[in-house]
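User: Hi! I'd like to go through this model with you and ask how some of its labels are justified.

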Amino acid sequence: MLLVGLALLVQVTLVNRVPLPGGEAPDLVLLVVVACAAQRGPVAGAVIGFGTGLAVDLLPPAHHVAGQCALVFCLIGFLVGRMVERTAAAVVPAAILAAVAAPLLAAAVAALIGTPGITGTAMLSRLPGAVVCNLLAAPLVVWGVGRLFGRTRRGEHSVRPPVAHSADGTRGVA
């Protein structure tokens, strides 16, 4: 998807190089996955998340095990798509949950596979900055992707029942 490629390019060339307070940067690629999952649903969110995460895993400079981001992005994409599947009003809570849960999940996966440098002290010092950066960038990214895709997801129908005309010309609900 072109949007994911653009997010990867912007993340690597601009966002990761801008010195921000605390040394952290928002994860635009994750937020694009969240926005796409919110627009397309759980299955598409998982597929987009896995493909995007795999691209992040293989894109230099990768300092982690291949598949780590693919797992995290796939789970986040599925969960966000599932939350928004029932009602479009869940987009904001889903984006907030993803912005908080993704860095925590990534740190947990890194700790489980034994990535060097993942200690309790390192996690406590870096996770709050990552979460705050994601929370600050989430509204803009999710809103922007929502505007690109339109307001309704593919296959979504209006909640208003169709209007039928009776034989005598009066209107009624079908």
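User: What covers the buried residues of α1?

Analyst: Happy to help! The cover includes α2 (28-40), α3 (42-58) and α6 (120-149), where cover rests on contact, meaning heavy atoms within 4.5 Å. Helices here are DSSP runs (H or I, at least four residues), numbered from the N terminus. This is a predicted model, in which local features need pLDDT of at least 70 and side-chain atom pairs count only at pLDDT 80 or more, while totals for chains, interfaces and linings use all residues. Residues are numbered from 1 along each chain as its sequence is written, and side-chain values use heavy atoms, with hydrogens and water left out.

User: Which residues of α1 are buried, and how do you know that they line one face of the helix?

Analyst: Leu3, Val4, Ala7, Leu8 and Gln11 are the buried ones in α1. Seen down the axis of α1, they fall within an arc of 140°, so they line one face; the arc is taken from the directions from the helix axis to the C-beta atoms. On the other side of α1, Leu2 and Leu9 are exposed.

User: Why is Gln68 called buried?

Analyst: Buried means under 20% relative accessible area, exposed over 50%, and partly exposed in between (1.4 Å probe, protein chains only). Gln68 has 9% relative accessibility, so Gln68 counts as buried. Gln68 sits in helix α4 (residues 68-86), and its contacts include Asp57, Ala106 and Ile113.

User: And why is Phe50 called partly exposed?

Analyst: Phe50, in helix α3, has a relative accessible area of 43%, so the label is partly exposed.

Technical notes: Helix = DSSP H or I, 4+ residues; strand = E, 2+ residues; numbered from the N terminus. Lists of a residue's contacts leave out its neighbours within four places in sequence.
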